[in-house]
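Please open the structure in a viewer and keep the selection tool at hand. The tour below proposes a series of selections, each followed by a description of what is to be found there.

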Amino acid sequence: MKFVGKSIKRVDGVKKVTGSLKYVDDMKMPRMLYVAVKRSPHPHAKILSIDPSEALRLKGVKDVITGEFYTKRGGLYLEDKNFLAVGKARYRGEAVAAVAAESEDIAQAAVELIKVEYEVLPAVTNAVEAMAPNAPLVHPDLGDYKVAPVFFPEPGTNISNHYKLRKGDVEKGFAEADFVFENKFYVPHVQHVPIETHTAVAQMDADGYLTVWASCQSPYAVRQALSAAFDIPLNKLRVMSPAVGGGFGSKAGTTLEGIIIPLAMRSNGRPVKLTYSREDEFENAYVRQGLHATIKTGVRKDGKIVAVQNEFIWDGGAYTEYGVNIVKAAGYASAGPYDIDNVHTDSYCVYTNHPVGGPYRGFGMSEIHFGIEQNLDIVAEQIGISPVEIRRINGLKPGGRTGTGELVEVCGLMECLDNVIRDIELDKEEPASGPNKRRGKAIACGWKAPSMPNNAASSAVIKLNEDGTAHLLVSAQDIGQGSDTVMTQIAAEVLSISPEKITVRTGDTDHTPYEWQTVASRITYSAGRAVYEAAQDAKAQLFELAQIKLGVYKRDLEMRDGFIVSQIYPDRKVAISELALGLTFEDGSGVHGPIIGRGSFIPPNIRNADKKTGLGDHPVAFWTYGAQGVDLEVDVETGHIKVLKVASCFDVGQVVNPQMLEGQLEGAILQGMGTALFEELMLKDGKILNKSFVDYKIPTSDDMPELVVSFVENPEESGPYGARGVAEPAMVPTAPAIANAVYKAVGIRLSTMPLTPEKVLAAMKAKGQTK
């Protein structure tokens, strides 16, 4: 192939490095109004009254709204949220009123003048306790909420989804096991912390046409959610996302857009803008849900796992309209990338009075694998075999079956494991860098499937220009992962024209074609396949015209460097540019007209799993498998963990752009290190204690280890050129590999993230390893 598989330059690279790419917060429009938000100081409280009178008297204030102005709930999967609190506040920081004013300063001053009277209610701030029969109910009306049929809320409780997986007979499996072990793990909330905070602008024309500019990952999903929430027809609602400065899932759904829309409706055509501060981002954008995990494992003496029973209790926060899907994904992936005959999983999404849980890179997989992969090392040691051997015995291979009972046809897990063992030199003993250091190496595996509806659709349009160049229209959003470049490469490969001759346009629901969402590591696979089909459509039209022009059957034509060429008579050729507007004959007449290729794609044959058991023969589009190895040192005097080297290998189906793929894996590893070693959203009585970079630590360049990245290519049949997604799966094994390596280094097992120096020293002290 000429372009696919090559490291071409990013098509958006120059604009990004020069700062000329414009984001939503760069927008300055005439007569713009600015919004500030009044937020609840309580995690759970009934709103008795809101008095905006003083705020309205402040010069420069144009409007104040509360939740009573629009009480209809919204949500993509579970319609459980209001953009401004209605009746009561369910987490500390929830929006209860919003001000539109001539400047940000005036708006913020007005917010301070709004008087709100509350009746404080008992709060529930622990997901396990929230499941108790007598726990305060965060959503007493849960039974009345509209919910997608694949989710199972339990009215009268705080459980917004209970996903069950029942494969085989787990009790029989435990009875047949030689050993049974049970281990518990906890993963705290973390924040996404993209460089760009959430920003949106809304403007309503006199005819009721609403335009929203938003820093969002999924313009069509946002449009659908806002249309339903505000009863606006889709043809009267335009969502544009000109550029996104990072997302990691936090910008997948709706957040602040619903706050500004009612103000825009009442502002006589004036644009209304709200930008989150960094503190807002920590508290009021999505957070990664916390997880309490219990894993019970039955295993034979030979290392074969015969039964696994999982209980996952997820802290979904005050609203779980996205969280219910994360819990579902974790449930059907709960066996990990292992072939186990008997699996019993209960995965619960639980309301608490915490910030709202939502999608985060890995979509539940990073959290469950922190337990799954540590548990595997624990079991291996207990029965006297190596961590590598237990993974070789139980790891999925072609012909095996997943936890849902699906037959595995394509799987490069063992190849990935072999590469990682080689690259990390797992069996090589290496000295520590000092007398107070202890060195350890370990591995972990991981997998992930796109968590999406069976009919999640993608589409693309290619327009050929008179000079042989092209415009590619998609709504897949480039959030830093490089999708604009990958889409360009796929189109260039089909049409055999240089990527420099293709301009990609994205993110405008009025002018770019439908895309379900830029989530789930599905864009290269789904949107890429739609682009492939659009390019093939344009190619077919060109061939129809070229066979007339050249007098050569279309079956004997090929694309070559901007020309349609006869395979038999190479001197017979016609430039794409000559046919871009159709074919013109010698008498001046013409046929066909402009070449516009269209493509669409839905992953084939994905079918619903059984609602009672979770079993299904093809419930997901594909699985991405991989492994990582970690070499690190622990300072026994300070407890500090220094990651020296990480080796990573994933089965990506087909490498489209090696350089960008390496960048994705390197970024995923560093992000995984952040959650493993530093990151935790510290909550006390519903209050976030560390909502700034002063107290919330993320990795820096100083923390970057040596990275060895490799790939395995077992083609995905329905993917473009065999490609499948890897951006999220690459983060999944990092944290458990680090935890396993810490155990190898100093013999302590940390079951709670992050693995801070304080926890390391406390665990070592408990084992009598420190003075």
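The tour goes from domains to a strand pair, then to pockets, cavities, two helix residues and some backbone details.

**Domains**

Please keep in mind throughout that this is a predicted model. Begin by colouring residues 31-121 as domain 1, and residues 290-452 together with 608-766 as domain 2. The centres of domain 1 and domain 2, taken over C-alpha atoms, are separated by 40 Å. Where the two meet, 13 residues of domain 1 are in contact with 17 residues of domain 2.

**A buried strand and its partner**

Next, select residues 437-448, which form strand β18. Why is β18 described as largely enclosed by the rest of the structure? Nine of its 12 residues are buried, so the remainder of the structure largely surrounds this strand. Now add residues 624-635, strand β28: it runs antiparallel to β18, and 12 bridges join the two. To see one facing pair, display G440 of the first strand and L632 in β28, which stand opposite each other.

**The largest pocket**

Select F248, R361, G480, Q481 and Q664 and centre the view on them. Of the 50 residues that line the largest pocket, these five lie nearest its centre. Three elements each give two or more residues to this lining: α13 (483-495), α14 (523-550) and α16 (658-677). Which of them gives the most? It is α16, with seven residues. The space in this pocket amounts to about 1200 Å³. If the lining is coloured by class, it shows 24 nonpolar, 20 polar and six charged residues.

**The second largest pocket**

Move on to V11, D12, D484, V504 and R505, the residues nearest the centre of the second largest pocket, which has 28 lining residues. This pocket holds about 800 Å³ of space. Helix α1 (13-18) and strand β21 (502-505) each supply at least two lining residues, and the largest share, four residues, comes from β21. By class, the lining is made up of 11 nonpolar, seven polar and 10 charged residues.

**Enclosed cavities**

How many cavities of 30 Å³ or more are there? The count comes to five. The largest cavity has about 210 Å³ of space. To find it, select N82, Y91, T255, N284 and V356, which are the closest to its centre among the 16 lining residues. Its lining comprises nine nonpolar, four polar and three charged residues.

For the second largest cavity, with a volume of about 100 Å³, select lining residues including I295, I305, Y338 and N375. Strands β15 (290-299) and β16 (305-317) and helix α10 (365-383) each give two or more residues to this lining. The lining has eight nonpolar and four polar residues, with no charged residues.

**Two residues in helices**

Select K328 in helix α9 (residues 323-332), and then H162. These two residues are 166 places apart in sequence, yet their C-alpha atoms are 8.1 Å apart in space. Leaving aside neighbours within four places in sequence, K328 is in contact with V150, F151, N161 and Y163.

Now select R529, which is placed in helix α14. R529 is 270 residues from I259 in sequence, and 36 Å from it in space, C-alpha to C-alpha. Not counting residues up to four places away in sequence, R529 touches T524, F601, E717, S718, G719 and P720.

**Backbone details**

Most residues other than glycine have a negative phi, and most peptide bonds are trans. The last three stops depart from these patterns.

- Select M753 and P754: a cis peptide bond joins them, with omega about -10°. P754 lies in the loop between α17 (734-746) and α18 (757-766).
- Select D685, a residue other than glycine whose phi is positive, near 55°. It is in the loop between β30 (683-684) and β31 (687-688). Is D685 buried or exposed? Its relative accessibility is 59%, so D685 counts as exposed, the cut-off for this class being over 50%.
- Select Y721, in the loop between β32 (706-712) and α17. Its phi is positive, about 55°, although Y721 is not a glycine. With a relative accessible area of 25%, Y721 is partly exposed.

Conventions
Residues are numbered from 1 along each chain as its sequence is written. This is a predicted model: local features need pLDDT of at least 70, side-chain atom pairs count only at pLDDT 80 or more; totals for chains, interfaces and linings use all residues. Side-chain values use heavy atoms; hydrogens and water are left out. On a 1 Å grid over the protein atoms alone, a cavity is a set of points where a 1.4 Å probe fits but cannot get out, and a pocket is an open set with protein on both sides within 12 Å along at least five of seven lines; lining residues have an atom within 4 Å of a point. Grid points are joined across faces, edges and corners, and a volume is the space filled by probe spheres set on the points. Ala, Val, Leu, Ile, Met, Phe, Trp, Tyr, Cys and Pro count as nonpolar, Asp, Glu, Lys and Arg as charged, and the others, Gly among them, as polar. Buried means under 20% relative accessible area, exposed over 50%, partly exposed in between (1.4 Å probe, protein chains only). Two strands pair if DSSP finds at least two bridges between them. Domain bounds come from an automatic or database domain assignment. Contact means heavy atoms within 4.5 Å.
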